[in-house]
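Please open the model in your viewer and keep the sequence panel beside it. The stops below move from one selection to the next, each with a short account of what is found there.

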Amino acid sequence: MWKWLHSYADPERAYKLSGTLLPWFAMLAISMIGIGTVWGLVFAPTDYQQGDSYRIIFIHVPAASMSMAAYMAMATSSFIGLVWQIKSADWAAAAIAPIGAVVTFIALVTGATWGKPMWGTWWVWDARLTSELVLLFLYLGVISLYASFEDKVLAARAAGILAIVGVINIPIIKYSVDWWSSLHQPSTIKITEESSMPTEMLYPLLINIMGFGVMIGAITLVRFRSEILARNGMRPWVRELAKAEGVK
Amino acid sequence: MNPRRKKRLTLAVALIGGVAAIASLLLYALNSNLNLFFTPTEIVQGKKDTGVMPEIGQRIRVGGMVTVGSMVRDPNSLHVEFAVHDAAGGEVIVTYDDLLPDLFREGQGIVAQGVLIEPGKLEATEVLAKHDENYMPPEVAEAMGQSHEKLDYNEEQKSGGY
(Lines give C-alpha, C1' and ligand atoms only; values in the text may rest on other atoms or scores of the structure.)
Protein backbone atom coordinates (compact mmCIF):
# COMPACT_ATOMS: atom_id res chain seq x y z
CA MET A 1 0.00 0.00 0.00
CA TRP A 2 2.83 2.39 0.90
CA LYS A 3 5.20 1.12 -1.78
CA TRP A 4 4.78 4.21 -3.97
CA LEU A 5 6.05 6.36 -1.08
CA HIS A 6 9.35 4.50 -0.91
CA SER A 7 10.56 5.93 -4.20
CA TYR A 8 10.55 9.41 -2.60
CA ALA A 9 13.03 8.20 0.02
CA ASP A 10 15.62 8.04 -2.75
CA PRO A 11 17.98 10.99 -2.03
CA GLU A 12 18.06 12.27 -5.60
CA ARG A 13 14.30 12.24 -5.94
CA ALA A 14 13.81 13.81 -2.50
CA TYR A 15 16.32 16.52 -3.41
CA LYS A 16 14.53 17.36 -6.65
CA LEU A 17 11.05 17.24 -5.12
CA SER A 18 12.01 19.55 -2.26
CA GLY A 19 13.60 21.87 -4.80
CA THR A 20 10.29 22.10 -6.68
CA LEU A 21 8.28 22.62 -3.49
CA LEU A 22 10.59 25.22 -1.98
CA PRO A 23 9.51 28.34 -3.95
CA TRP A 24 5.84 27.59 -3.25
CA PHE A 25 6.44 27.20 0.46
CA ALA A 26 8.57 30.33 0.54
CA MET A 27 6.02 32.43 -1.33
CA LEU A 28 3.15 31.16 0.80
CA ALA A 29 5.10 31.76 4.02
CA ILE A 30 6.07 35.33 3.10
CA SER A 31 2.57 36.29 2.01
CA MET A 32 0.78 34.66 4.95
CA ILE A 33 3.11 36.06 7.61
CA GLY A 34 3.00 39.42 5.82
CA ILE A 35 -0.81 39.55 5.75
CA GLY A 36 -1.24 38.09 9.24
CA THR A 37 1.31 40.39 10.87
CA VAL A 38 0.14 43.61 9.23
CA TRP A 39 -3.50 42.74 9.90
CA GLY A 40 -2.74 41.82 13.49
CA LEU A 41 -0.44 44.70 14.34
CA VAL A 42 -2.22 47.49 12.47
CA PHE A 43 -5.85 46.64 11.74
CA ALA A 44 -7.00 44.31 14.51
CA PRO A 45 -8.82 46.09 17.35
CA THR A 46 -7.10 46.76 20.67
CA ASP A 47 -7.89 44.66 23.71
CA TYR A 48 -10.07 46.09 26.50
CA GLN A 49 -7.63 45.07 29.23
CA GLN A 50 -4.21 45.01 27.70
CA GLY A 51 -4.55 47.74 25.09
CA ASP A 52 -2.00 47.46 22.33
CA SER A 53 0.37 45.29 24.36
CA TYR A 54 -1.63 42.19 23.53
CA ARG A 55 -0.54 42.44 19.88
CA ILE A 56 2.60 40.45 20.64
CA ILE A 57 0.18 37.49 20.63
CA PHE A 58 0.41 37.54 16.82
CA ILE A 59 4.04 36.43 17.09
CA HIS A 60 4.03 34.64 20.43
CA VAL A 61 1.19 32.18 19.83
CA PRO A 62 2.29 31.15 16.29
CA ALA A 63 5.85 30.61 17.52
CA ALA A 64 4.74 28.65 20.58
CA SER A 65 2.23 26.40 18.83
CA MET A 66 4.53 25.77 15.87
CA SER A 67 7.44 24.96 18.19
CA MET A 68 5.35 22.00 19.34
CA ALA A 69 4.19 21.12 15.81
CA ALA A 70 7.81 21.19 14.57
CA TYR A 71 8.80 18.89 17.42
CA MET A 72 6.08 16.43 16.43
CA ALA A 73 7.27 16.57 12.81
CA MET A 74 10.86 15.96 13.91
CA ALA A 75 9.88 13.07 16.19
CA THR A 76 7.71 11.50 13.47
CA SER A 77 10.60 11.66 10.99
CA SER A 78 12.92 10.14 13.58
CA PHE A 79 10.40 7.39 14.24
CA ILE A 80 10.15 6.56 10.54
CA GLY A 81 13.92 6.72 10.22
CA LEU A 82 14.38 4.44 13.20
CA VAL A 83 11.79 1.80 12.34
CA TRP A 84 11.97 1.68 8.54
CA GLN A 85 15.63 2.79 8.42
CA ILE A 86 14.92 5.43 5.82
CA LYS A 87 17.88 7.78 5.77
CA SER A 88 15.95 10.64 4.19
CA ALA A 89 13.67 10.67 7.23
CA ASP A 90 16.69 10.95 9.53
CA TRP A 91 18.01 13.84 7.48
CA ALA A 92 14.63 15.56 7.63
CA ALA A 93 14.63 15.24 11.43
CA ALA A 94 18.14 16.68 11.57
CA ALA A 95 17.00 19.52 9.30
CA ILE A 96 14.02 20.46 11.50
CA ALA A 97 15.80 20.44 14.89
CA PRO A 98 17.64 23.81 14.74
CA ILE A 99 14.58 25.55 13.24
CA GLY A 100 12.41 24.21 16.02
CA ALA A 101 14.94 25.38 18.59
CA VAL A 102 14.91 28.92 17.16
CA VAL A 103 11.10 29.03 17.06
CA THR A 104 10.95 27.80 20.67
CA PHE A 105 13.42 30.50 21.62
CA ILE A 106 11.24 33.11 19.88
CA ALA A 107 8.22 31.85 21.81
CA LEU A 108 10.10 32.12 25.12
CA VAL A 109 11.50 35.59 24.41
CA THR A 110 8.20 37.07 23.16
CA GLY A 111 6.46 35.45 26.13
CA ALA A 112 8.88 37.08 28.57
CA THR A 113 8.52 40.43 26.82
CA TRP A 114 4.77 40.13 27.14
CA GLY A 115 4.93 38.95 30.74
CA LYS A 116 6.91 41.93 32.00
CA PRO A 117 4.32 44.66 31.25
CA MET A 118 1.22 42.51 31.84
CA TRP A 119 2.02 40.12 34.70
CA GLY A 120 4.79 42.23 36.17
CA THR A 121 7.59 39.70 35.73
CA TRP A 122 9.81 38.36 32.95
CA TRP A 123 9.75 34.81 34.16
CA VAL A 124 7.97 32.63 36.67
CA TRP A 125 8.57 28.91 37.19
CA ASP A 126 5.05 27.82 36.42
CA ALA A 127 4.20 24.60 34.59
CA ARG A 128 3.67 26.13 31.12
CA LEU A 129 6.82 28.23 31.04
CA THR A 130 9.00 25.50 32.52
CA SER A 131 7.78 22.80 30.14
CA GLU A 132 8.35 25.09 27.14
CA LEU A 133 11.90 25.69 28.40
CA VAL A 134 12.34 21.92 28.62
CA LEU A 135 11.27 21.75 24.96
CA LEU A 136 14.13 24.11 24.05
CA PHE A 137 16.57 21.86 25.93
CA LEU A 138 15.19 18.81 24.13
CA TYR A 139 15.83 20.48 20.78
CA LEU A 140 19.35 21.43 21.88
CA GLY A 141 19.92 17.85 23.01
CA VAL A 142 18.81 16.44 19.66
CA ILE A 143 21.01 18.94 17.79
CA SER A 144 24.10 18.19 19.86
CA LEU A 145 23.60 14.42 19.77
CA TYR A 146 23.34 14.52 15.99
CA ALA A 147 26.42 16.70 15.80
CA SER A 148 28.58 14.67 18.16
CA PHE A 149 28.89 11.47 16.11
CA GLU A 150 31.16 11.19 13.11
CA ASP A 151 29.02 8.31 11.80
CA LYS A 152 25.73 9.97 10.85
CA VAL A 153 23.71 6.73 10.82
CA LEU A 154 24.63 6.21 14.46
CA ALA A 155 24.11 9.91 15.19
CA ALA A 156 20.60 9.84 13.71
CA ARG A 157 19.74 6.80 15.81
CA ALA A 158 20.91 8.42 19.06
CA ALA A 159 19.25 11.75 18.29
CA GLY A 160 16.12 9.97 17.09
CA ILE A 161 15.68 8.06 20.34
CA LEU A 162 15.95 11.31 22.31
CA ALA A 163 13.47 13.01 19.96
CA ILE A 164 10.96 10.16 20.39
CA VAL A 165 11.35 10.06 24.17
CA GLY A 166 10.85 13.83 24.30
CA VAL A 167 7.42 13.60 22.67
CA ILE A 168 6.03 13.05 26.16
CA ASN A 169 6.70 16.74 26.84
CA ILE A 170 4.27 17.90 24.14
CA PRO A 171 0.99 16.97 25.90
CA ILE A 172 2.51 18.29 29.12
CA ILE A 173 3.07 21.71 27.51
CA LYS A 174 -0.36 21.68 25.91
CA TYR A 175 -2.34 20.74 29.03
CA SER A 176 -0.08 22.30 31.70
CA VAL A 177 -2.45 25.26 32.04
CA ASP A 178 -5.46 22.97 32.55
CA TRP A 179 -3.86 20.43 34.88
CA TRP A 180 -2.18 22.81 37.29
CA SER A 181 -2.69 26.32 38.50
CA SER A 182 -0.35 28.60 36.65
CA LEU A 183 0.23 32.27 35.94
CA HIS A 184 -0.11 31.63 32.22
CA GLN A 185 -3.70 31.84 31.03
CA PRO A 186 -5.44 28.85 29.35
CA SER A 187 -5.69 28.57 25.55
CA THR A 188 -7.67 31.19 23.68
CA ILE A 189 -8.03 29.16 20.49
CA LYS A 190 -10.16 26.13 21.21
CA ILE A 191 -10.71 23.36 18.72
CA THR A 192 -13.94 21.91 20.08
CA GLU A 193 -15.71 25.08 21.17
CA GLU A 194 -15.83 28.70 20.17
CA SER A 195 -12.56 30.56 20.69
CA SER A 196 -12.61 33.30 23.29
CA MET A 197 -11.58 35.97 20.82
CA PRO A 198 -13.57 37.93 18.23
CA THR A 199 -13.02 36.96 14.60
CA GLU A 200 -11.26 40.22 13.70
CA MET A 201 -8.47 39.20 16.10
CA LEU A 202 -8.73 35.47 15.47
CA TYR A 203 -8.29 35.50 11.67
CA PRO A 204 -4.91 37.28 11.58
CA LEU A 205 -3.76 35.02 14.41
CA LEU A 206 -4.77 31.87 12.52
CA ILE A 207 -3.16 33.17 9.32
CA ASN A 208 0.07 33.81 11.19
CA ILE A 209 -0.01 30.39 12.84
CA MET A 210 -0.33 28.74 9.42
CA GLY A 211 2.27 31.15 8.03
CA PHE A 212 4.75 30.11 10.72
CA GLY A 213 4.04 26.47 9.89
CA VAL A 214 4.72 27.03 6.19
CA MET A 215 7.81 29.08 7.02
CA ILE A 216 9.20 26.23 9.14
CA GLY A 217 8.42 23.95 6.18
CA ALA A 218 10.28 26.22 3.76
CA ILE A 219 13.40 26.54 5.92
CA THR A 220 13.28 22.80 6.57
CA LEU A 221 13.32 22.18 2.80
CA VAL A 222 16.43 24.36 2.42
CA ARG A 223 18.21 22.58 5.26
CA PHE A 224 16.98 19.17 4.09
CA ARG A 225 18.44 19.76 0.63
CA SER A 226 21.84 20.74 2.00
CA GLU A 227 21.73 17.78 4.40
CA ILE A 228 21.12 15.46 1.43
CA LEU A 229 24.05 16.95 -0.47
CA ALA A 230 26.33 16.74 2.59
CA ARG A 231 25.50 13.05 3.12
CA ASN A 232 25.72 12.09 -0.56
CA GLY A 233 28.79 14.01 -1.64
CA MET A 234 30.36 10.91 -3.19
CA ARG A 235 27.34 9.96 -5.30
CA PRO A 236 27.62 10.48 -9.07
CA TRP A 237 24.41 12.54 -9.27
CA VAL A 238 25.74 15.02 -6.71
CA ARG A 239 29.04 15.30 -8.58
CA GLU A 240 27.21 15.93 -11.83
CA LEU A 241 25.07 18.53 -10.10
CA ALA A 242 28.19 20.22 -8.76
CA LYS A 243 29.76 20.20 -12.21
CA ALA A 244 26.62 21.67 -13.73
CA GLU A 245 26.59 24.44 -11.10
CA GLY A 246 30.27 25.13 -11.81
CA VAL A 247 31.57 24.23 -8.36
CA LYS A 248 34.74 22.26 -7.86
CA MET B 1 6.40 -5.99 7.13
CA ASN B 2 9.61 -7.92 7.49
CA PRO B 3 10.59 -9.31 10.93
CA ARG B 4 13.45 -6.85 11.52
CA ARG B 5 11.21 -3.87 10.95
CA LYS B 6 8.55 -5.43 13.11
CA LYS B 7 11.05 -5.85 15.92
CA ARG B 8 12.21 -2.26 15.66
CA LEU B 9 8.62 -1.04 15.55
CA THR B 10 7.80 -3.00 18.71
CA LEU B 11 10.90 -1.62 20.42
CA ALA B 12 10.09 1.96 19.45
CA VAL B 13 6.46 1.65 20.53
CA ALA B 14 7.56 0.03 23.80
CA LEU B 15 9.98 2.92 24.34
CA ILE B 16 7.22 5.50 23.88
CA GLY B 17 4.84 3.52 26.08
CA GLY B 18 7.44 3.11 28.81
CA VAL B 19 8.38 6.76 28.85
CA ALA B 20 4.71 7.78 28.86
CA ALA B 21 4.06 5.49 31.84
CA ILE B 22 7.07 6.84 33.77
CA ALA B 23 6.12 10.43 33.04
CA SER B 24 2.51 9.99 34.06
CA LEU B 25 3.47 8.28 37.33
CA LEU B 26 5.99 11.04 38.02
CA LEU B 27 3.48 13.79 37.30
CA TYR B 28 0.84 12.00 39.35
CA ALA B 29 3.21 11.82 42.31
CA LEU B 30 4.23 15.45 41.96
CA ASN B 31 0.75 16.64 41.10
CA SER B 32 -0.04 19.17 43.80
CA ASN B 33 3.56 20.37 43.99
CA LEU B 34 3.41 21.53 40.38
CA ASN B 35 0.76 24.10 41.21
CA LEU B 36 2.18 27.58 41.18
CA PHE B 37 0.10 28.85 44.09
CA PHE B 38 -2.23 28.04 46.98
CA THR B 39 -5.83 29.12 46.61
CA PRO B 40 -7.24 31.15 49.52
CA THR B 41 -9.43 28.18 50.47
CA GLU B 42 -6.36 25.94 50.70
CA ILE B 43 -4.66 28.43 53.03
CA VAL B 44 -7.69 28.62 55.30
CA GLN B 45 -8.80 24.97 55.24
CA GLY B 46 -5.79 23.04 53.96
CA LYS B 47 -5.36 21.24 50.65
CA LYS B 48 -8.29 19.16 49.56
CA ASP B 49 -6.45 15.86 49.00
CA THR B 50 -3.69 16.00 51.63
CA GLY B 51 -5.01 18.53 54.13
CA VAL B 52 -1.61 20.26 54.14
CA MET B 53 -1.90 23.81 55.41
CA PRO B 54 0.83 26.43 55.02
CA GLU B 55 2.37 27.42 58.35
CA ILE B 56 2.86 30.89 59.78
CA GLY B 57 6.18 32.28 58.55
CA GLN B 58 6.18 30.09 55.45
CA ARG B 59 6.93 31.69 52.12
CA ILE B 60 4.08 30.91 49.73
CA ARG B 61 2.21 32.14 46.70
CA VAL B 62 -1.52 32.74 46.79
CA GLY B 63 -3.63 33.08 43.67
CA GLY B 64 -7.21 34.29 43.37
CA MET B 65 -9.46 37.20 42.57
CA VAL B 66 -9.14 40.57 44.27
CA THR B 67 -12.40 41.05 46.19
CA VAL B 68 -14.33 44.05 44.91
CA GLY B 69 -14.50 46.79 47.51
CA SER B 70 -11.79 45.31 49.71
CA MET B 71 -8.87 47.47 48.65
CA VAL B 72 -7.54 49.97 51.17
CA ARG B 73 -4.74 52.26 50.03
CA ASP B 74 -2.62 54.43 52.26
CA PRO B 75 -2.76 57.93 50.72
CA ASN B 76 0.83 58.75 51.73
CA SER B 77 2.68 55.61 50.77
CA LEU B 78 2.44 52.66 48.43
CA HIS B 79 1.03 50.45 51.17
CA VAL B 80 -2.09 48.60 50.02
CA GLU B 81 -4.22 45.98 51.64
CA PHE B 82 -6.76 43.89 49.80
CA ALA B 83 -8.60 40.61 50.07
CA VAL B 84 -8.13 37.73 47.64
CA HIS B 85 -10.88 35.15 47.29
CA ASP B 86 -11.65 32.14 45.11
CA ALA B 87 -14.75 30.41 43.86
CA ALA B 88 -14.75 27.95 46.79
CA GLY B 89 -15.34 30.80 49.23
CA GLY B 90 -11.96 31.16 50.99
CA GLU B 91 -10.51 34.61 51.51
CA VAL B 92 -7.14 35.90 52.69
CA ILE B 93 -5.86 39.43 53.25
CA VAL B 94 -2.78 40.52 51.31
CA THR B 95 -0.62 43.51 52.24
CA TYR B 96 1.87 44.97 49.80
CA ASP B 97 4.29 47.89 49.77
CA ASP B 98 5.30 48.39 46.16
CA LEU B 99 3.92 49.43 42.79
CA LEU B 100 1.15 47.15 41.58
CA PRO B 101 1.16 45.90 37.96
CA ASP B 102 -0.86 47.86 35.39
CA LEU B 103 -3.47 45.15 35.08
CA PHE B 104 -4.17 45.14 38.82
CA ARG B 105 -7.67 46.14 39.82
CA GLU B 106 -10.52 44.88 41.95
CA GLY B 107 -12.03 41.77 40.44
CA GLN B 108 -8.76 40.89 38.65
CA GLY B 109 -6.98 37.58 39.09
CA ILE B 110 -3.61 37.95 40.80
CA VAL B 111 -0.78 35.84 42.17
CA ALA B 112 0.95 37.23 45.25
CA GLN B 113 4.16 35.85 46.72
CA GLY B 114 5.07 36.54 50.31
CA VAL B 115 5.22 35.38 53.89
CA LEU B 116 2.18 34.23 55.82
CA ILE B 117 2.33 36.44 58.92
CA GLU B 118 -0.84 35.27 60.63
CA PRO B 119 -3.60 32.85 59.64
CA GLY B 120 -5.25 34.29 56.56
CA LYS B 121 -2.86 37.23 56.18
CA LEU B 122 -0.02 37.40 53.68
CA GLU B 123 2.70 40.02 53.59
CA ALA B 124 3.48 40.09 49.89
CA THR B 125 6.86 40.85 48.37
CA GLU B 126 5.64 40.44 44.81
CA VAL B 127 2.20 40.85 43.25
CA LEU B 128 1.68 39.58 39.69
CA ALA B 129 -1.44 40.17 37.63
CA LYS B 130 -3.02 37.16 35.97
CA HIS B 131 -5.12 37.77 32.91
CA ASP B 132 -7.61 35.39 31.38
CA GLU B 133 -7.77 33.98 27.87
CA ASN B 134 -10.54 36.32 26.73
CA TYR B 135 -9.67 39.11 24.36
CA MET B 136 -12.13 41.67 23.08
CA PRO B 137 -12.22 45.19 21.67
CA PRO B 138 -12.92 47.91 24.28
CA GLU B 139 -16.31 48.75 22.73
CA VAL B 140 -17.47 45.17 23.12
CA ALA B 141 -16.19 45.04 26.70
CA GLU B 142 -18.00 48.27 27.48
CA ALA B 143 -21.22 46.92 26.04
CA MET B 144 -20.82 43.87 28.26
CA GLY B 145 -20.31 46.08 31.29
CA GLN B 146 -16.62 45.33 31.75
CA SER B 147 -14.17 48.14 31.84
CA HIS B 148 -10.64 48.54 32.99
CA GLU B 149 -9.34 51.55 34.86
CA LYS B 150 -5.70 51.89 35.69
CA LEU B 151 -4.59 52.80 39.18
CA ASP B 152 -3.20 56.27 39.49
CA TYR B 153 -0.53 57.27 41.95
CA ASN B 154 -0.02 60.79 43.29
CA GLU B 155 3.39 62.47 43.43
CA GLU B 156 3.97 61.59 47.06
CA GLN B 157 3.35 57.91 46.48
CA LYS B 158 5.60 57.89 43.44
CA SER B 159 8.49 59.51 45.29
CA GLY B 160 7.96 57.54 48.48
CA GLY B 161 8.02 54.21 46.74
CA TYR B 162 11.67 54.07 46.02
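What should the 15 residues of α6(A) span at 1.5 Å a residue, and how far apart are its end C-alpha atoms? In this predicted model, the expected span of α6(A) is 21 Å, because the estimate is 1.5 Å times one less than the number of residues, and the end C-alpha atoms lie 20 Å apart, which agrees.

Stay with α6(A) and colour its buried residues, which are A:A156, A:A159, A:G160, A:A163, A:I164 and A:G166. These residues cover an arc of only 150 degrees around the axis, so they sit on the same side of α6(A). To see what covers them, add α3, α4, α5 (127-147) and α7 (169-179) of chain A, and then α1 (3-30) of chain B, all of which are included in that cover.

Next, select the whole of chain A, whose secondary structure comes to 9 helices and 0 strands. Its C-alpha atoms, taken along the principal axes, fill a box of roughly 65 × 40 × 35 Å, and of its 248 residues 42% count as buried. Among the contacts in chain A between residues at least 6 apart in sequence, 76% join residues at least 24 apart.

Now use the annotation as a guide: the unreviewed UniProt entry places the feature "transmembrane region" at residues 21-44, 56-84, 91-115, 127-147, 154-173 and 202-224 of chain A. Select residues 21-44 of chain A, where the span is 96% helix and 0% strand and the end C-alpha atoms lie 32 Å apart. Then move to residues 56-84 of chain A, which are 97% helix and 0% strand, with end C-alpha atoms 42 Å apart.

The next stop is the contact between the chains, to which chain A contributes 35 residues and chain B 34 residues. On the side of chain A that touches chain B, the elements giving two or more residues are α3 (57-84), α4 (87-118) and α6 (152-166) of chain A, and α3(A) gives the most, with 4 residues. By residue type, this side of chain A divides into 22 nonpolar, 11 polar and 2 charged.

Finally, turn to chain B and select strand β1 (residues 59-66), which pairs in the antiparallel sense with strand β5 (residues 109-118) of chain B over 7 bridges; here B:R59 stands opposite B:V115 in β5(B). β1(B) also pairs in the antiparallel sense with strand β3 (residues 80-85) of chain B, over 2 bridges, and there B:V66 stands opposite B:V84 in β3(B).

Methods
Residues numbered from 1 in each chain as written. Chains lettered and ligands numbered in written order. Predicted model: local features only at pLDDT ≥ 70, side-chain atom pairs only at ≥ 80, totals over all residues. UniProt positions renumbered as here; feature names shortened; annotations may be inferred. Pairing = 2+ DSSP bridges. Contact = placed C-beta atoms within 7 Å. Nonpolar A, V, L, I, M, F, W, Y, C, P; charged D, E, K, R; others polar. Buried ≥ 20, exposed ≤ 12 C-beta atoms within 10 Å, placed from the backbone. Arc of directions from axis to C-beta.
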